[in-house]
Amino acid sequence: MNQDNRFTILDLQEVREPPMEDFDPVSTGSIAPDYYENLVKKSLLEPEPACSSLQLCSHCHQIFTFQELSMKRSANDRLNHHLSYDSLLVAVKDRCYICSLLLKNINALGLQTPWLAESGSAKHSRLWCTFRNYFMDEFISFHYGSAGDSDIQVLELKVLSNWVRGRLATECFGPSTWTCASKERAQKWLQSFSTEGTTLRTTEFLPHRLLQIQLLSSGRFGVVLCEGTAIPSRTQYLTLSHCWGKCQTTRLLTDNIEEYKQSIVYEVLPQSFQDAIRITYDLGFEYIWIDSLCIIQNSQEDWLSNSCKMDRIYRYAACNLVASAARDSNEGLIKPRDIETFLPLRVNVKWAEWIDFWTTSESYVMVNEDWHTAVALSYLASRGWVMQERLLSQFIIHFTARQLFFESRQGKLNWQTASCEQWPSGIFASENWAFPDLLGSWWGDMIESKERYDTKWKAQAWTKIVQIYSRTKFTYDTDKLAAMSGFVKEIRGVTKDEYFAGLWKEYLLYQLLWTTSKPHESIRIEPYTAPTWSWASVKGEISYLFEMDITKKKQHCIRILLQLREARIMPVADQDNTGPVKAGFLRLQGPLWQARLTHSDTKSKAKPFWTIGHSRKKICFLLDVLSPGDWESSSSLDQYEDYMENVLKISQQGSRYMNHLAVHVLHAPTQSVFLLPIYSASSTNVFIMVGLVLVPTEIARGEFRRVGLFFTPNKSIVGSLLRIPCNIDASYYESKKSAFSYSISII
């Protein structure tokens, strides 16, 4: 283990650093001898965390006392567990902590098939555990499967040393994710991170509509839709992020708005809405904003008016409640939980990595439920609209399946601004200790430091955010630009840059180099959503070709071959160019080559090749969208997927030798395409020219639409292309500056 890395992790946990003179020289990489001893003494003064009263069966006890486990555990360290389902049931009845967790997950996965001891056949399934460690964390994974077949990970546990006891929760939170203790914890979170320390800020901005909540004498909740001046000035309100799903969600319509202004029957609302209303009231607030009840769902005008205000609706809310574990509005925010398996269990470990440094082997074992799995990879996080709701909200409570997670946007997301019920003073997750979630980290880079934002973020962070956003799902794919309008406004307020349908002007030429990671699963969105040069015009996961730090242009010998002469979009809402658009174009000037697919002999089995002018060239195409007619055989698609994987890997890591698969795996989009190079690069790691593949619209002179990217695989082709005059027919350009420079438009 690297001692310096270990110290870095410990240092983050508010442990006092030893005096500098106690350290050995940096070259030795050692830590002061009494450092860990002092850490142990300090941990013993911390209050005991709340722990489970369950115990371990003999099989589970052996996991922690098995002396033959090597200090450097690997996948080869494997222990068989219960050999029959009935044996597991007996252990659960005897109150075994780990077996109780296993049984719940096994039943949920439907794995009650005959096990090894029940059948006597080696081919039948068994349960075993494996080990791994990462810095000061130990992990135990339980797998289910049969010999020679793929197995399923049923459960992963995290084993923590005694020094974290001061960070674990000291109180028991009860049998659901919303109890009196949960409410008190949430209130403390809000108060500790609020702008004024004890009270949440008020704001002069208010949404046009809010739901007012009252507790009636009958004990029921009364809900009324308030609009405009009916909402008191400087009112504090909450918001709800949820997934509509396929259920019939209660909606505000033109024909029920007057009825809702009088009363909304609480009991007929979906469970997520009922839970959100109850939580809002419990936290001491009277108003909440819920999209389906505060925007008229059958009015395009009202939808456009409110979608343009999303940035302020969420930014100025006192807190955003997130239904992370609900796939539709009927599943609710509040979930039941078994408190005995939610709390950690105190155990004695004989083989842990930290044993050399502690005077005790006492440790804690708990489900490895970190921020990444519970929040960043939750079902709700896969929904497109939710991404901006999360990025814009100042304070967020995530209601997951087992506990509450709290997030503050007062700076960069890290363990200090992210908490949960088990880790109330800050999430401890050493595998992602600095970045609980990459989206939050990249966004934090932008809003935390303007200097850093102007260089690194403009060049690279936007492409990272786009890649995450492109993996989200929409009920209506045409919402893609509207659903990011809010955080685009936030970015524009910092950068003062111009925005064009998913791209920023200052680095627009580089941002044109997007490609679909799986073009055979991608489609061009209809009806019209964005110009073809925008990634927002395509439904599919986006990657960027040949990502590099473009702030180091000299180092990479980057030569820009294209000029942006004009960029224009026509927004659907006249005064908001950050949302949906109905048209747009780029006017560009630079080299433009016509490439033709040529057959050496129509009777020959030889593959066709590409010619530019009179020269045969090896050109690699990456089409935005593939249809079944774009590959030659059933095996060609598999080849293309491998090809794409290699191309993207090489483009991100760099390679002097780019020996790709044959470029004739795919048919070209037509027998003739136009190549518009954007830049060439020549450095130690890469020789490349990359640009757009275009086809004429046949509507206006010099007007094209994008169909993909091209790149050349070696230095000689780059050089020879730049020496070939373009000689394009006049019908294909708007104006001509020279034989190497033409002006065209892309729509």
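What volume does the largest pocket have? About 1100 Å³. The model shown in these close-ups is predicted.

**View 1. The largest pocket and the residues at its centre.** The pocket has a volume of about 1100 Å³. Its lining counts 41 residues. Nearest the centre lie W244, W385, T475, Y476 and D479. By class, the lining divides into 21 nonpolar, 11 polar and 9 charged residues.

**View 2. Helices in the lining of the largest pocket.** Helix 11 (300–307), helix 12 (310–315) and helix 15 (384–392) each supply at least two lining residues. Which helix gives the largest share? Helix 15 does, with 4 residues. W385, one of the residues nearest the pocket centre, falls within the range of helix 15, 384–392.

**View 3. The second largest pocket.** This pocket holds about 710 Å³ of space. It is lined by 21 residues. Closest to its centre are N105, V367, E369, A401 and R402. The lining is made up of 10 nonpolar, 7 polar and 4 charged residues.

**View 4. Helices and a strand around the second largest pocket.** Three elements each supply at least two residues of this lining: helix 5 (97–109), strand 4 (152–161) and helix 14 (371–376). Helix 5 gives the most, with 5 residues. N105, among the residues closest to the pocket centre, sits in the 97–109 stretch of helix 5.

**View 5. The six-stranded antiparallel sheet.** Here 6 strands form an open sheet. Their order is 1-2-3-4-11-10, and the pairing is antiparallel. Strand 1 (78–80) and strand 10 (345–348) are the edges, each pairing on one side only. On average, neighbouring strands are turned by 30 degrees against each other, direction ignored.

**View 6. Strands 3 and 4 side by side.** How many bridges join strand 3 to strand 4? There are 7, and the two strands run antiparallel. Strand 3 spans residues 137–145. E138 stands opposite V159 in strand 4. Strand 4 also supplies at least two residues to the lining of the second largest pocket.

**View 7. The eight-stranded mixed sheet.** This open sheet has 8 strands in the order 6-5-8-7-9-12-13-14. Its pairing is mixed. The edges are strand 6 (221–227) and strand 14 (418–420), and each pairs on one side only. Neighbouring strands are turned by 25 degrees against each other on average, direction ignored.

**View 8. The parallel pair of strands 9 and 12.** Do strand 9 (residues 319–322) and strand 12 (residues 395–399) run parallel or antiparallel? They run parallel, joined by 3 bridges. The bridge partner of V322 is H398, in strand 12. C319 is buried, with a relative accessible area of 1%.

**View 9. Cysteines C60 and C96.** The disulfide count comes to 0. Why is C60 not bonded to C96? The two sulfurs are 3.6 Å apart, which is too far for a bond, because a disulfide needs sulfur atoms within 2.5 Å. C96 holds the cysteine sulfur closest to that of C60. C60 is also buried, at 0% relative accessibility.

Technical notes. Residues numbered from 1 in each chain as written. Predicted model: local features only at pLDDT ≥ 70, side-chain atom pairs only at ≥ 80, totals over all residues. Heavy atoms only, no water. 1 Å grid on protein atoms, 1.4 Å probe; cavity = no way out; pocket = protein on both sides within 12 Å on 5 of 7 lines; lining within 4 Å. Points joined across faces, edges and corners; volume = space filled by probe spheres on them. Nonpolar A, V, L, I, M, F, W, Y, C, P; charged D, E, K, R; others polar. Buried < 20%, exposed > 50% of the residue type's maximum accessible area, 1.4 Å probe, protein only. Pairing = 2+ DSSP bridges. Axes fitted to C-alpha atoms, helices over the stretch in contact; angles between N-to-C directions.
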